[in-house]
Structure formats: structure tokens, C-alpha cells
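Biologist: Could you walk me through this protein at an easy pace? I am still learning the vocabulary.
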Amino acid sequence: MTDAAPIRTHVADGLGVLTLGAAARRNPLSLATMREATAALERFDADPAVRVIVIRAEGPAFSAGHDLSEMVGRTLDEEREIFAACTDLMAAVHRARQPVIAQVQGMALAAGCQLVATCDLAVAAADARFSTPGVKIGLFCSTPMIPLTRAIGRKRAMQMLLTGEMINAETAVEWGLINAAVPADLLETTVTDLAQRIATSSGETLAIGKRAFYDQIDRTEPDAYAAMAEVMATNAVIPDAQEGMTAFLEKRSPVWR
């Protein structure tokens with residue numbers, strides 16, 4: 001894609017990198033951007049060379065959220081189209097067989113915060129900020145609320161949603177919205193190192209584990225155990241699992257399929 005495109009992608013060393021590229025506008029999640037990002041995630045999912053996906057952004061902000069200029073003076077069906085595209089994007093993050101890591105600098109607001117909360121892992125610069133400020137403009141962040149509540153819990157999510165106030169990266173780590181906060185000049189190398197450590201494992205096993213994680217998370221404990229016991233049993237007989245266990249017993253490094 002050209003430099004003017006809102007989304008750019010590349011694959012290097014097993015990592016599929018999706019970059020939000022509308023830096024001058026704080027990387028809004030416009031309808032076109034969400035659709036392109038969804039398509040990019042689907043391409044990565046289908047690419048056997050991609051072991052881990054990183055979502056990053058250019059400029060001083062990760063994402064300011066939805067493009068409000070697309071949401072003024074629109075019909076109900078047009079507004080539905082925007083939020084359907086947003087839902088598709090978040091679903092694509094979870095559908096992708098690879099772990100998806102958010103690399104966050106600057107602000108992640110509203111739908112931008114939603115994207116961070118949706119990603120499997122997230123690492124932010126120490127000066128990053130997060131908020132769901134929709135309440136301040138009369139548009140409650142009802143869709144960001146979904147992954148936010150699942151990531152940080154009810155009371156903390158309600159505090160963010162009802163006040164619209166920012167939380168800093170240190171608080172985001174404490175609350176479980178992100179995994180780590182690091183100096184800004186170490187952000188990219190930290191994320192790359194994390195992604196490459198994950199990528200050393202079997203891609204098939206990672207895909208099984210990611211799918212199982214989201215399958216069990218909202219089940220009752222007995223139901224989760226029943227489902228996950230079957231997942232582990234079927235995982236155990238795949239070639240990569242047999243190779244991994246054999247390699248462990250033989251005290252050698254596994255060779256994944």
C-alpha cells in the first residue's frame with residue numbers, strides 16, 4: 001500500500017506487523033481503516049510465515065478511536081455499519097490463529113482503547129494513556145466496554161466508562177489492561193523480543209491454545225474443565241505435541257512441523 005493508506009503491513013522474521021498510518025489525525029478507526037485492518041488480519045491468519053501479529057501505530061498516538069466526522073449527520077443504518085465493522089475487527093483479532101500483541105504509544109482512546117483491550121497481549125510506552133471518554137460527548141463507550149470489562153473487571157471498567165478520565169500506563173498494568181509499560185525508546189524492541197519468544201513455540205499449538213482460551217473464559221468451571229480436557233487430549237496426539245514431548249524426554253530441542 002502507499003504511504004497515504006491508513007493501514008500498512010509487512011512480514012519479517014515470523015512477525016506480521018500491522019501499522020496504523022494516519023499519524024497526523026491520531027490514527028482514527030475510520031470505516032475504511034477498520035475494514036482494511038480486518039482484511040490484513042485475515043491475510044496474516046492465512047499466511048504460514050506469520051507466527052505472531054503485532055498491531056502498532058505511527059505518530060504521537062496509538063488511536064484516538066472512531067472517526068467522529070463519519071458519525072455526525074448519519075442515518076441509523078450508517079451508524080450500524082460503522083459499529084458492525086468495529087465488531088468485525090475485534091472478532092478478527094480473536095479469530096486469528098496467532099497471538100496478537102498491541103504496541104501502544106501515546107493515547108489509546110475509546111475504540112482505540114477497545115482494540116488494546118481486545119488484543120491477546122499489550123505493551124505500552126511508560127507515558128501512554130488510556131480512556132473511554134465517550135460519556136463526555138454524549139456517546140457512551142458501550143462497545144469498548146465489552147473487552148474492557150473482561151480485561152480489568154467491573155468496578156474499574158465502570159470508573160473509566162462513567163468518568164471518561166485517563167489512566168496512565170502504570171495504572172493500566174496494575175489493572176490488567178496491558179502487560180507491561182516500558183521506556184518509549186525500548187517499546188519496539190520489547191514487543192519484538194516478546195513476539196519472537198512466543199514464535200519459538202509450535203504455531204499449531206499456539207493456535208489451539210488461543211482458541212481454547214477464549215472458548216473457556218466465560219464457561220462455568222465444570223463446563224470449562226470438560227471442554228478443555230478434550231482440547232488437551234486432542235492436542236496431545238498432534239505431531240507437534242508428540243515431537244515436543246519426545247524432544248523433552250530425549251533432552252533435545254524440538255523440530256516443529
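Modeller: Let us begin with one term: a salt bridge is a side-chain nitrogen of Lys or Arg within 4 Å of a carboxyl oxygen of Asp or Glu. Please keep in mind throughout that this is a predicted model.

Biologist: OK, so how far apart are the closest N and O atoms of Lys210 and Asp120?
Modeller: The closest N and O atoms of Lys210 and Asp120 are 2.9 Å apart, and the two residues form a salt bridge.

Biologist: And how is the protein divided into domains?
Modeller: Domain 1 covers residues 7-200, while domain 2 covers residues 203-250. The C-alpha centres of domain 1 and domain 2 are 27 Å apart, and the contact involves 12 residues from domain 1 together with six residues from domain 2.

Biologist: How many salt bridges are counted between domain 1 and domain 2?
Modeller: The count between domain 1 and domain 2 is two salt bridges, and five residue pairs are found in polar contact across the interface of these domains, with both residues of each pair at pLDDT 80 or more.

Biologist: What about the area buried there?
Modeller: About 680 Å² is buried between domain 1 and domain 2, and carbon and sulfur atoms give 49% of that area. On the side of domain 1, Arg51, His94 and Arg97 supply 54% of the area that this domain buries against domain 2, which is more than any other three residues supply.

Biologist: Switching topic, in what order do the strands of the open sheet come?
Modeller: The open sheet has six strands in the order β1-β2-β3-β4-β6-β9, and their pairing is mixed. From one strand to the next, the twist averages 20°.

Biologist: Why is one side of β1 and of β9 left without a neighbour in the sheet?
Modeller: β1 (7-12) and β9 (180-182) stand at the edges and each has a single partner strand, so one side of each has no neighbour in the sheet.

Biologist: You said mixed, so which sense does β2 use with β1, and which with β3?
Modeller: With β1, strand β2 pairs in the antiparallel sense over six bridges, whereas strand β2 (residues 15-20) pairs with strand β3 (residues 52-57) in the parallel sense, over six bridges. In general, strands of a sheet pair through backbone hydrogen bonds, in either a parallel or an antiparallel way.

Biologist: Which residues face Val17, then?
Modeller: Val17 in β2 is the bridge partner of His10, and Val17 also stands opposite Val54 in β3.

Biologist: Last one: what links β1 and β2?
Modeller: β1 and β2 form a hairpin with two residues between them, and Asp13 in the turn has a positive phi of about 55°.

Methods
Residues are numbered from 1 along each chain as its sequence is written. This is a predicted model: local features need pLDDT of at least 70, side-chain atom pairs count only at pLDDT 80 or more; totals for chains, interfaces and linings use all residues. Side-chain values use heavy atoms; hydrogens and water are left out. Two strands pair if DSSP finds at least two bridges between them. Helices (H or I, at least four residues) and strands (E, at least two) are DSSP runs, numbered from the N terminus. Axes are lines fitted to C-alpha atoms, for helices over the stretch in contact, and angles run from 0 to 180 degrees between N-to-C directions. Domain bounds come from an automatic or database domain assignment. Contact means heavy atoms within 4.5 Å. Buried area is the accessible area (1.4 Å probe) that two parts lose on being put together, summed over both. A polar contact is a pair of N or O atoms within 3.5 Å; within protein, one must be able to donate a hydrogen and the other to accept it, and residues adjacent in sequence count only if both atoms are side-chain atoms.
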